[in-house]
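Reader: Could you take a close look at one part of this model, the side chains along its loops and helices, and explain which are covered, which are open and which of them pair up? I would prefer one connected account to a list.

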Amino acid sequence: MTIVEKSDMLEDFRQVETQTNSEHIEMLPLTGTYVKADGENDENVVEEYKSWNFQDWLYPPQLPRTCQLLRKENIAIPACYLLVGILQGLIGPLINTYPLDLGATEAQYSTLSSLKSLPATFKLAFGFLSDNFPVAGYRRKSYMLLGWSLAALSMGSLVLFSDLSLEKEEYLDENGVSRERNIAPENAPSIPFLSLATLLFGTGFWLADVMGDSVVAEKAKFETSGAGSIQSTCYAYRFFGVMCAAPLSTSLYGMLGPYYVISLLAVLPLSILPLVFHLGEDRYAPVPSTIEQCQEIWNTVCSRAVWQPLGFVYFYNVLQVGNAAWKEFLKTTLGFTSVSRLFCTAAAHIRNLSLISSSNED
């Protein structure tokens with residue numbers, strides 16, 4: 001074989017190798033797409049790579065406009081969930097400690113703690129109320145405005161008509177050990193007044209929360225892919241708010257007293273009112289009758305995929321009833337200060353929410 005023949009064979013081999021490689025990967029630089037051949041089925045598979053951009057993060061293109069939560073007409077929805085979490089984190093440590101500093105008995109403390117979440121038992125009634133009696137033609141927006149306004153006014157009444165300061169005093173316990181306790185001033189809110197404000201705050205709080213859940217349920221019907229992504233995103237905002245606000249409430253109460261915590265509870269609901277005003281909602285939208293809604297609820301509850309987790313949530317909440325005697329024991333016998341009790345409460349909130357978040361990811 002001559003040198004010329006060998007060079008021709010090498011050239012033919014290179015052409016065959018180039019042709020084989022081009023069959024596997026074909027670059028399309030204009031579209032950022034490449035075509036790769038499947039070795040088994042001899043079919044072309046198209047894969048597209050897109051660079052990250054801020055616009056797609058704000059408004060995910062795979063979701064319809066009505067499900068893009070960060071748009072002007074929808075921004076009130078994640079803001080509502082975030083505010084619910086923040087207020088839960090702020091008021092939880094406050095109610096666990098402030099009544100004891102006011103000298104509440106164990107019975108009064110148990111009653112006051114129950115009043116905070118009592119309106120949550122009427123969430124179904126709030127939903128029927130908004131469906132059957134729209135205000136100004138709106139079934140969600142109007143009641144959300146009413147709920148947040150009521151929550152702000154109830155806490156604002158405590159700020160305006162009571163002295164929310166606390167004075168520290170040292171005393172000797174039964175063993176002669178020097179300890180520190182908080183003393184309420186003469187014009188401090190009475191237990192009945194604090195209970196009424198807490199009940200009204202809870203009513204407005206849970207009314208607005210129900211409206212937020214209703215809007216999310218309505219918008220979830222328009223999800224074309226990733227069903228449940230809107231709800232999971234909203235609850236992520238809520239858990240984040242609780243985990244940030246609980247330590248903040250603990251620190252503010254320990255360093256500055258209850259005044260600043262209650263002031264935040266009064267001001268923050270007012271901050272969301274402009275966003276709720278711009279919430280997109282169809283006016284005078286048709287609504288199924290109450291009987292049809294009850295039938296749909298019953299059919300849903302009868303599903304095993306619903307009543308099993310529903311039963312778990314019910315028994316979980318039943319076992320979360322606070323023990324007033326235990327908190328009184330921590331204060332009087334073990335000498336726990338208000339800050340110590342608040343840190344225990346904040347740690348419990350963070351632990352519970354971390355477990356819930358991890359279970360949702362699984």
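**Loops, charged pairs and rings**

Author: Y284 is exposed, because its relative accessible area is 62% and the class begins over 50%. The model is a predicted one, and what follows should be read with that in mind. Y284 sits in the loop between helix 10 (273–277) and helix 11 (290–301), and its backbone has a positive phi of about 55° although the residue is not a glycine. That deserves a remark, since most residues other than glycine have a negative phi.

A second residue of this kind is A136, whose phi is near 60°, again a positive value in a residue other than glycine. A136 belongs to the loop between helix 5 and helix 6, and with a relative accessible area of 46% it is partly exposed, because that value lies between the 20% limit for buried residues and the 50% limit for exposed ones.

The loop that holds A136 also leads to the charged pairs, for R139 lies in the loop between helix 5 (123–132) and helix 6 (141–161). E218 makes a salt bridge with R139, and the closest N and O atoms of the two are 3.3 Å apart. Because E218 is in helix 7 (residues 191–220), this pair ties together parts that are 79 residues apart in sequence. The two partners fall into separate accessibility classes: R139 is buried, with a relative accessible area of 12%, whereas E218 is partly exposed, with a relative accessible area of 26%.

The side chain of R140 meets that of D131 in a salt bridge, at 2.8 Å from N to O. Here R140 counts as buried at 5% relative accessibility, and D131 also counts as buried, at 12%, because each value is under 20%. A charge of another sort of contact is found at K141, which lies over the face of Y138, at 4.5 Å from the ring centre.

Further along the chain, D209 forms a salt bridge with R238, with the closest N and O atoms 3.4 Å apart. That pair links distant parts of the chain, D209 being in helix 7 and R238 in helix 8, 29 residues apart. Both D209 and R238 are buried, and the two also belong to a network of salt bridges that links them with K123 and D213. In the structure as a whole there are 7 salt bridges.

The aromatic side chains can be followed in a similar way. A pair of aromatic rings is described by the distance of the centres and the angle of the planes. The whole structure contains 7 aromatic pairs. One of them joins Y98 and Y253 in an edge-to-face arrangement, with 6.4 Å from centre to centre and 75° between the planes. This pair links distant parts of the chain, since Y98 is in helix 3 (residues 76–101) and Y253 in helix 8 (residues 229–256), 155 residues apart. Y98 and Y253 are both buried.

By contrast with that angle, the ring planes of Y235 and F239 meet at 50°, with the centres 6.2 Å apart, so this pair is tilted. Y235 and F239 are 4 residues apart in helix 8, which means that about one helical turn separates them. Their accessibility is not alike, for Y235 is partly exposed at a relative accessible area of 25%, while F239 is buried at 14%. Ring pairs also join W148, F201, F205 and W206 into a cluster.

Helix 4 (residues 106–117) gives a view of how covered side chains are arranged around a helix. Its 12 residues reach 18 Å from the first C-alpha to the last, close to the 16 Å expected at 1.5 Å a residue. Y109, L112 and L115 are its buried residues. Seen down the axis of helix 4, these buried residues fall within an arc of 125°, so they line one face of the helix. The background is that an α-helix has 3.6 residues a turn, so residues three or four places apart point the same way.

A last word concerns the cysteines. A search of the whole structure finds 0 disulfides. Among the cysteines, C294 counts as partly exposed at 37% relative accessibility, and C302 counts as partly exposed at 42%.

Notes:
Residues are numbered from 1 along each chain as its sequence is written. This is a predicted model: local features need pLDDT of at least 70, side-chain atom pairs count only at pLDDT 80 or more; totals for chains, interfaces and linings use all residues. Side-chain values use heavy atoms; hydrogens and water are left out. A disulfide is a pair of cysteine sulfur atoms within 2.5 Å. Buried means under 20% relative accessible area, exposed over 50%, partly exposed in between (1.4 Å probe, protein chains only). Helices (H or I, at least four residues) and strands (E, at least two) are DSSP runs, numbered from the N terminus. The expected span of a helix is 1.5 Å times one less than its number of residues. The arc is that of the directions from the helix axis to the C-beta atoms. Rings of Phe, Tyr and Trp (its six-membered ring) pair if their centres lie within 6.5 Å; planes under 30 degrees apart count as stacked, over 60 as edge-to-face and the rest as tilted. A charge sits over a ring if NZ of Lys or CZ of Arg is within 6 Å of the ring centre and within 35 degrees of the ring normal. A salt bridge is a side-chain nitrogen of Lys or Arg within 4 Å of a carboxyl oxygen of Asp or Glu.
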